[in-house]
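Work through the exercises below with the coordinates open. Each task is followed by a stepwise solution.

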Amino acid sequence: MTQEEDIAAEAAAETSGPTHSGFVALIGPTNAGKSTLVNRLVGAKVSIVSHKVQTTRAIVRGIAIHDNAQIVFMDTPGIFKPRRRLDRAMVTSAWGGAKDADLIMLLIDSERGLRGDAEAILEGLKEVQQPKILVLNKIDRVNREDLLALAAAANEKIAFDRTFMISAENGSGCDDVMDYLANTLPEGPWYYPEDQISDLPMRQLAAEITREKLFLRLHQELPYSSHVETEKWEERKDGSVRIEQVIYVERDSQKKIALGKGGETIKAISTASRKELSEILEQPVHLFLFVKVRENWGDDPERFREMGLDFPK
């Protein structure tokens, strides 16, 4: 048993009664609110959120403790009809996460319903054997009759074990989901120490934070294929940390957009990212951002490994 497993076992032993643990794959169409929900259920930011579709690229694991259960949420990329190599890698990652989980949670945007990608996901779920629950999100924007009709339509296609109606934004209904998962996941020791909330390395989380700020600032102007890597991380004697990151784009025109007039855009992105990283790390952060052109990086296997994705042939 590793030291990490020893710590997890000791934490679990301190609780009263048998412990439960397991992996819950959160799948759904793009922009259904998966990352917002994972952050809500974990109680901390472990997955980036933006209005841009396909923001989540690889599986991010967020770890929550509820009663005697440790619930490991797998925030998967949104499932959609892939057009490029990166798209295919993301969709493959999402379905792979679903098949590796103890339980699958399908999140549907109540406003959009079963149109488009949601219909295709329901078809795909018929081939997956794990227990499944349906979660209808954004219920505060839809009337009750339409919600009930949506739940009935989805359950006609798949025999879900339970259906929940929630708002990931304000937390409505989320406690019911946590109670159900805590009681449903198998009995067993915890996988992670009690105070660990994610398995994402800090260098990678820092890159994801900056990518979120990039998308929030340049929502429509910059392609979602832009990529951020943390290239240097230096803990300094004064208790601060120096971080150097590179934003990779595919063309010179995109580099100009990311920099902005007089460097105004990149400064705003750096300020927003540095502020959030300082709060997460609880120490001063000196963040330096660079923008580089790397043509056709979407065909580079090394970039896929950096993102935690398998390179599709």
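**Exercise 1. Classify E229 and follow its salt bridge.**

Task: Is E229 buried or exposed? Then find its salt-bridge partner and place both residues in the fold.

Solution.
Step 1. The relative accessible area of E229 is 6%. The cut-off for buried is under 20%, so E229 is buried. The coordinates come from a predicted model.
Step 2. The side chain of E229 meets that of R294 in a salt bridge, at 3.8 Å from N to O.
Step 3. E229 belongs to strand 7 (residues 227-235), and R294 to the loop between strand 9 (285-293) and helix 10 (301-307), so this salt bridge ties together parts 65 residues apart in sequence.
Step 4. R294 has a relative accessible area of 22%, so R294 is partly exposed.

**Exercise 2. Characterise E244.**

Task: Locate E244, classify its exposure, and list what its side chain and its surroundings offer.

Solution.
Step 1. E244 sits in strand 8 (residues 241-249).
Step 2. Its relative accessible area is 14%, so E244 is buried.
Step 3. The side chains of E244 and R242 make a polar contact of 2.7 Å. The pair also forms a salt bridge, with the closest N and O atoms 2.7 Å apart.
Step 4. R242 has 26% relative accessibility, so R242 counts as partly exposed.
Step 5. Set aside neighbours within four places in sequence. E244 is then in contact with E229, T230, E231, K232, F288 and F290.

**Exercise 3. Survey the salt bridges.**

Task: How many salt bridges does the rule give? Examine the one between E264 and R217.

Solution.
Step 1. The count is 12 salt bridges.
Step 2. In one of them, the side chains of E264 and R217 meet at 3.9 Å, N to O. The limit is 4 Å.
Step 3. This pair links distant parts of the chain. E264 is in helix 9 (residues 264-281), R217 is in helix 7 (residues 202-217), and the two are 47 residues apart.
Step 4. R217 has 41% relative accessibility, so R217 counts as partly exposed.

**Exercise 4. Check the geometry and cover of helix 7.**

Task: Compare the end-to-end distance of helix 7 with the expected span. Then say which residues are buried and what covers them.

Solution.
Step 1. Helix 7 has 16 residues; at 1.5 Å a residue, the helix should span 22 Å.
Step 2. The end C-alpha atoms are 23 Å apart, which agrees.
Step 3. The buried residues are L205, A206, A207, E208, I209, T210, R211, E212, K213, L214 and F215.
Step 4. Their cover includes strand 7, strand 8, helix 9 and strand 9.

**Exercise 5. Place strand 4 in its sheet.**

Task: Which strands pair with strand 4, and in what sense? What covers each face, buried or exposed residues?

Solution.
Step 1. Strand 1 (residues 20-27) and strand 4 run parallel, joined by four bridges. Within strand 4, L106 is the bridge partner of I27.
Step 2. Strand 4 also pairs with strand 5 (residues 132-137), again in the parallel sense, over six bridges. There, L107 has V135 as its bridge partner.
Step 3. The connection matters too. Strand 4, helix 4 (residues 117-125) and strand 5 make a right-handed β-α-β unit.
Step 4. In a regular strand, side chains alternate between the two faces of the sheet. Here L103, M105, L107 and D109 lie on one side, with I104, L106 and I108 on the other.
Step 5. Both sets are buried, and both faces are covered. Seven of the seven residues of strand 4 (residues 103-109) are buried.

**Exercise 6. Examine T19, then zoom out.**

Task: Where is T19, and what does its side chain reach? Finish with the totals for the chain.

Solution.
Step 1. T19 is in the loop between helix 1 (3-13) and strand 1.
Step 2. At 13% relative accessibility, T19 counts as buried.
Step 3. A polar atom of the T19 side chain lies 2.8 Å from the backbone oxygen of G188.
Step 4. The chain has 10 helices and nine strands. Of its 313 residues, 54% are buried.
Step 5. Take contacts between residues at least 6 apart in sequence. Of these, 72% join residues at least 24 apart.

Notes: Residues are numbered from 1 along each chain as its sequence is written. This is a predicted model: local features need pLDDT of at least 70, side-chain atom pairs count only at pLDDT 80 or more; totals for chains, interfaces and linings use all residues. Side-chain values use heavy atoms; hydrogens and water are left out. Buried means under 20% relative accessible area, exposed over 50%, partly exposed in between (1.4 Å probe, protein chains only). Two strands pair if DSSP finds at least two bridges between them. A crossover is right-handed if, with the strands pointing away from the viewer, the path from the first strand over the helix to the second runs clockwise. A polar contact is a pair of N or O atoms within 3.5 Å; within protein, one must be able to donate a hydrogen and the other to accept it, and residues adjacent in sequence count only if both atoms are side-chain atoms. Contact means heavy atoms within 4.5 Å. The expected span of a helix is 1.5 Å times one less than its number of residues.
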